[in-house]
Amino acid sequence: MAGFRSLAYQVRDARNDRALRRHSLRRCLERFAPYGHRATWWHLCDRHGIAPEDRGADPLRLVAALEELEDARAVWLEYERQFAARRRREKHDGVRRPEWAWGGSGDAVVRCVDPGVRPEGTLGEVLRRLVKALESEPGTACPVCGEQELRWPPALRVHGAWAGAWAWDGPVCGGCGIVVPRPALADTVLAHPAAVLPAPAGAA
C-alpha cells in the first residue's frame, strides 16, 4: 500500500495523466484528512478551484491543494512527535496520569459533522490553532474559532462515553462545525455533556 509521500509524488509527477494525479490526491486523504475524508476533499476543492467530480482537474490546482494538505500534515506530525517526547519524559519522572493524543491513520483530527460546514482558513492555520490550544490550559470555547456555543451530540451525552471511539470527540462547535477534541476543553465543559454552554456576559 502506497504511503502519503509516495502518493504525493504521483500527484506532482507530470508524466502521469490528470486522472491519476487527482486520484492520487484523493488517496492522500486516506492517510491524512484533518476534517474527515469528504469534508477535507470539499475544503481543498473550494479553496483551490477544483470541481469535486472533475477527473481532469488542472494539475497546478491539484499540486496547490496537495501543498496545503502537506503543510497541515507537517504541523500535526510535529505535534505528535513533541507529545510523544513529553510523555516519555513524564513516564521517566513517574508521571502516569492519562493523556490524550490523536493517533489514527487518516482519521479526522478536527472532524466536521457536516462536510459543508468547515472552519475558515487553510488546514495548516486551523491545526496550528488547535495545537496551540492543546498545549495551553483547557478552555471553554472552540479552540479553532472561539465560538462559545458547544452542543453535545446525543451519542456523547451518555455517562462514561469516554472509551473507544469517543475518547477524542467532544461537542460540536456552533460556529465552525468541528467536533471539538476533549483535551482542549476544561472539566467544567466535560462534566455537563447535556448542556449547551451560554455565551459570556457582553458577548455579541
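This is a short conversation about reading a sheet, the cysteines and one leucine in a predicted model.

Biologist: I am new to this structure, so let's start with the strands. How many strands form the sheet, and in what order?

Modeller: Happy to help! To read a sheet, list its strands in order and then ask how they pair. Here 3 strands make an open sheet, in the order β1-β2-β3, and the pairing is antiparallel. The edge strands, β1 and β3, each pair on one side only.

Biologist: What joins β2 to β1 and to β3?

Modeller: Look for bridges. Strand β1, residues 150-151, pairs with β2 over 2 bridges, and L150 stands opposite C173 in β2. On the β3 side, 2 bridges link β2 to residues 179-181, with D169 opposite P181.

Biologist: Is β2 mostly covered or open?

Modeller: For this, count the buried residues in the strand. Strand β2 spans residues 169-173 and is mostly covered, with 5 of its 5 residues buried.

Biologist: Which residue takes a positive phi in the hairpin of β2 and β3?

Modeller: A backbone angle can be read residue by residue. This hairpin has 5 residues between its strands, and G177 takes a positive phi near 85°.

Biologist: Now the cysteines. How many disulfides are there?

Modeller: The idea is to check the distance between sulfur atoms: a disulfide needs a pair within 2.5 Å. By that rule the count is 0. For C112, the nearest cysteine sulfur belongs to C176 and is 7.1 Å away. For C142, the nearest one is that of C173, at 3.7 Å, and C142 is in no disulfide either.

Biologist: Are C112 and C142 buried or exposed?

Modeller: Relative accessible area tells us, with buried meaning under 20%. C112 has 7%, so C112 is buried. C142 has 4%, so C142 is buried as well.

Biologist: Could we finish with L130? Where is L130 found?

Modeller: Begin with the element, then look at the surroundings. L130 is found in helix α5, which covers residues 123-134. Its relative accessible area is 0%, so L130 is buried.

Biologist: Which residues is L130 in contact with, leaving aside its neighbours within four places in sequence?

Modeller: Those contacts are W76, V109, V110, P143 and P181. P181 also appeared in the sheet, where P181 in β3 stands opposite D169. As for V110, it lies 20 residues from L130 along the chain, and their C-alpha atoms are separated by 8.5 Å.

Technical notes
Residues are numbered from 1 along each chain as its sequence is written. This is a predicted model: local features need pLDDT of at least 70, side-chain atom pairs count only at pLDDT 80 or more; totals for chains, interfaces and linings use all residues. Side-chain values use heavy atoms; hydrogens and water are left out. Buried means under 20% relative accessible area, exposed over 50%, partly exposed in between (1.4 Å probe, protein chains only). Helices (H or I, at least four residues) and strands (E, at least two) are DSSP runs, numbered from the N terminus. Two strands pair if DSSP finds at least two bridges between them. Contact means heavy atoms within 4.5 Å.
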